Amino acid sequence: MQKELIEYVVKALVDSPDAVEVKEVEGEQTSVIELRVAKEDLGKVIGKQGRTARAMRTLLGAASTKSGKRSVLEILE
């Protein structure tokens, strides 16, 4: 569920939604969500002073409390 949430939000933000890649790596207690976007969209995903990335991490944290697992968002270049 968290993977789909991040994918939906990011595709709405970027100019190249086809280049968005979201992978989920699950551990026992933590789930890592890896996000890749086109190079020109990286600034939009991070936002000014990291505000957009922080907001997405907050959304992810709220959604992950339902599943009982901690989720971490990694934005990869």
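**Exercise 1. Determine how the strands of this predicted model are paired, starting with strand 1 and strand 2.**

Solution. Strand 1 and strand 2 run antiparallel and are joined by 6 bridges. Within this pair, Lys23 has Glu34 of strand 2 as its bridge partner, and the connection from strand 1 to strand 2 is a hairpin of 3 residues. The next step is to follow strand 2 to strand 3, where the pairing is parallel and extends over 7 bridges; here Ser31 is found opposite Ser71 of strand 3. Taken together, the pairings describe an open sheet of 3 strands, mixed in sense and ordered 1-2-3. Strand 1 (21–26) and strand 3 (70–76) are the edges of this sheet, and because each has a single partner strand, one side of each remains without a neighbour in the sheet. From one strand to the next, the twist averages 20°.

**Exercise 2. Describe which strands helix 1 lies across and at what angle it runs to strand 1, then do likewise for the packing of helix 3 on the sheet.**

Solution. Begin with helix 1, which lies across strand 1, strand 2 and strand 3 and makes an angle of about 160° with strand 1. Helix 3 also packs on the sheet, where it touches strand 2 and strand 3, and its direction stands at about 155° to that of strand 3.

**Exercise 3. Identify the residues that touch the most other members of the largest nonpolar core, and trace the contacts of Val20.**

Solution. The largest nonpolar core has 13 residues, and those touching the most other members are Val10, Val20, Leu35, Val37, Val45 and Leu73. Two or more residues of this core come from each of helix 1 (2–13), strand 2 (30–36), helix 2 (42–46) and helix 3 (51–67). For Val20, once residues up to four places away in sequence are set aside, the contacts are Val10, Lys11, Val14, Leu35, Arg36 and Val37. As background, nonpolar side chains in soluble globular proteins tend to be buried together.

**Exercise 4. Locate Asp41 and decide whether its charge is paired or unpaired in a salt bridge.**

Solution. Asp41 belongs to the loop between strand 2 and helix 2, and its side chain must be tested against the nearest one of opposite charge, Lys44, at 4.2 Å. A salt bridge requires a side-chain nitrogen of Lys or Arg within 4 Å of a carboxyl oxygen of Asp or Glu, and Asp41, although buried, has no salt bridge. Leaving out residues up to four places away in sequence, Asp41 touches Val14, Asp15 and Ser16.

Definitions and conventions: Residues numbered from 1 in each chain as written. Predicted model: local features only at pLDDT ≥ 70, side-chain atom pairs only at ≥ 80, totals over all residues. Heavy atoms only, no water. Core = buried A, V, L, I, M, F, W, Y, C linked by side-chain atoms within 4.5 Å. Buried < 20%, exposed > 50% of the residue type's maximum accessible area, 1.4 Å probe, protein only. Helix = DSSP H or I, 4+ residues; strand = E, 2+ residues; numbered from the N terminus. Contact = heavy atoms within 4.5 Å. Pairing = 2+ DSSP bridges. Axes fitted to C-alpha atoms, helices over the stretch in contact; angles between N-to-C directions. Lys, Arg positive; Asp, Glu negative; His and termini not counted.
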